[in-house]
Amino acid sequence: MMKRFSLQRVKNLTASRPLASASANSRFSTATESSFNRRTPPRVPNLIGGAFVDSKSTSAIDVINPATQEVVSQVPLTTNEEWDMDKLAKNITTEQGKTLKDANGDVFRGLEVVEHSCGMATLQMGEYVPNVANGIDTYSVREPLGVCAGICPFNFPAMIPLWMFPVAVTCGNTFILKPSEKDPGASIMLAELAMEAGLPRGVLNIVHGTNDIVNAICDDDNIRAISFVGSNAAGMHIYGRASAKGKRVQSNMGAKNHGIVMPDSNKEATLNALLAAGFGAAGQRCMALSTIVFVGDSESWVNDLVERAKGLKVNAGIEPDADLGPVISKEAKERICRLVQSGVDSGAKLLLDGINIVVPGYEKGNFIGPTILSDVTADMECYKEEIFGPVLICMKADSLEDAINIVNRNKYGNGASIFTTSGAVARKFQTEIEAGQVGINVPIPVPLPFFSFTGSKASFAGDLNFYGKAGVNFFTQIKTVTQQWKDLPGGVSLAMPTSQ
Ligand code: NAD
């Protein structure tokens, strides 16, 4: 079945579909499809989505026969509009708000899981030991579970569905996807692409809704396993309810990721990394580096961080100059503002205030500019709660040990990073830090999918993480077979069988 479901076909379809639908909207009518042939000199056509089409461009360059100086044909200067094939990314930007560049990353990181799934056969192989006893062989096989389901958050409308269904269906399961009610469009487009790439009809199913449908998924006896990504409140509810019905659950939840800044680190590279990982996607990434722990003298760098953050452009994600788009909803904005205010009320310093920003042309948008709080302590609500917005909170530590203790005392364990030029410091950090995904001079250490996404502590519930070997184990049941092919000895023995 999966032979026909190849990454290349998905990529090709991703690229071709916007123009195919553009054709339906008469951007390339039958008349213009052959117009390149009727011109004198002829115009070289573009080949898009399997069809030769005349470019919409009014500009062209002559192709000249060097022997005669005759104009043989004209080559069009294809316009940016024609090149713009990112229908899926545009849908994400429109529904979710992130910048187009970031939306492309959302799709790309998801396609990596499709690619991984296309080569997954070796991970599904069983084990075989011949002749474990006289005439007896034992082997194990991995079998599909049956019907599996996935429940998704709003922040990666393409990547997170792609963490789930490609792995599940490649392991032989059918899948029911419940996209986030806030941005369901990308899931529909992905399903359409998957079916065009060869996924049999009925293998992937999509249901929309909120709590009631999620509860129905948890309770349904036909569903064997649930992948969940989202907040702790929903994740623990789903983990408890579905586990009580005997289902497998893998639940990726909230985070508070720390970046430890050592004074010996490369200042320029570190500050750039902190800005990108703190404010990218307006801080709405579960691996956003939302908390910075400045160790020793690096504390003074916070002023440079503020200056650089002031240079980031807040705008609608569709605008080419946008660094940060809006946050997902008015409620999310109110929550973020409340947490920032709670920090100020408990003694933190508001070094950069993005709360009251107004973006010209988008006055009704849920925008929050880069916001930086310093002098934050572990007892403050703004530290204990996941903010999930463009807010960097800064803490101080006297030593590496103190910094590691701060991170380890936090309940979450999705990711943690250190910035240093010392191998010894990095090694100590790697060994002692209690987080599932560790970065050394890497701010967002999400691995390629042949490793798994290994959040831990309160950021994960379950035993088997998403994708990689663990993902295959999650979506398969191991069966161990012991076979005997020899004449059975005479007589009956009721003693415990032993392998002899
Ligand atoms: P959310 O928990 O509000 O929603 C996630 C899904 O759960 C949605 O499909 C929603 O319909 C459903 N849901 C929500 N409340 C429910 C309830 N009470 N009962 C049943 N179903 C419910 O999460 P969100 O706001 O969409 O996403 C943001 C959260 O996701 C953040 O906490 C973020 O850290 C987390 N997240 C984690 C990871 C990770 O890999 N650890 C990745 C992305 C996002």
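Is Arg 285 buried or exposed? This is a predicted model, and in it Arg 285 counts as buried, because its relative accessibility is 18% and the cut-off for buried is under 20%.

**Around Arg 285**

Arg 285 sits in a loop, the one that links helix 11 (267–279) to strand 13 (289–295). If you skip the neighbours within four places in sequence, Arg 285 is in contact with Asp 102, Asn 155, Phe 156, Ala 276, Gly 280, Phe 388 and Ile 444.

**A contrasting loop residue: Glu 70**

Now look at Glu 70, which is also in a loop, between strand 3 (60–64) and strand 4 (71–76). Glu 70 counts as exposed, because its relative accessible area is 52% and the cut-off for exposed is over 50%. Leave out residues up to four places away in sequence, and Glu 70 touches Val 63, Ile 64 and Asn 65. You can also check Glu 70 against Pro 41: the two are 29 residues apart along the chain, with 9.9 Å between their C-alpha atoms.

**The ligand**

Which residues come nearest to the ligand? There are 27 residues around it, and the nearest are Cys 152, Glu 181, Ser 231, Met 253 and Glu 386. Here are some polar pairs to pull up in your viewer:

| Protein side | Ligand atom | Distance |
|---|---|---|
| Phe 154, backbone N or O | oxygen | 3.0 Å |
| Met 253, polar backbone atom | nitrogen | 2.7 Å |
| Glu 386, side-chain N or O | oxygen | 2.5 Å |

As for cover, the ligand taken alone exposes 850 Å², and the protein buries 88% of that.

Met 253 and Glu 386 both turn up among the nearest residues. Met 253 makes its pair through the backbone, while Glu 386 uses its side chain.

**A three-stranded sheet**

How are the strands of the open sheet ordered? The order is 5-6-22, with three strands and antiparallel pairing. Strand 5 (127–133) and strand 22 (476–484) are the edges, each pairing on one side only. On average, neighbouring strands in this sheet are turned by 25 degrees against each other, ignoring direction.

Zoom in on strand 6 (residues 136–144) and strand 22: they run antiparallel and are joined by nine bridges. For a residue to click on, try Glu 143, which stands opposite Gln 477 in strand 22.

Conventions
Residues numbered from 1 in each chain as written. Predicted model: local features only at pLDDT ≥ 70, side-chain atom pairs only at ≥ 80, totals over all residues. Heavy atoms only, no water. Helix = DSSP H or I, 4+ residues; strand = E, 2+ residues; numbered from the N terminus. Buried < 20%, exposed > 50% of the residue type's maximum accessible area, 1.4 Å probe, protein only. Contact = heavy atoms within 4.5 Å. Pairing = 2+ DSSP bridges. Axes fitted to C-alpha atoms, helices over the stretch in contact; angles between N-to-C directions. Near = heavy atom within 4 Å. Polar contact = N/O pair within 3.5 Å; in protein donor to acceptor, adjacent residues only side chain to side chain. Areas by Shrake-Rupley, 256 points an atom, 1.4 Å probe, with all protein chains shown as cover.
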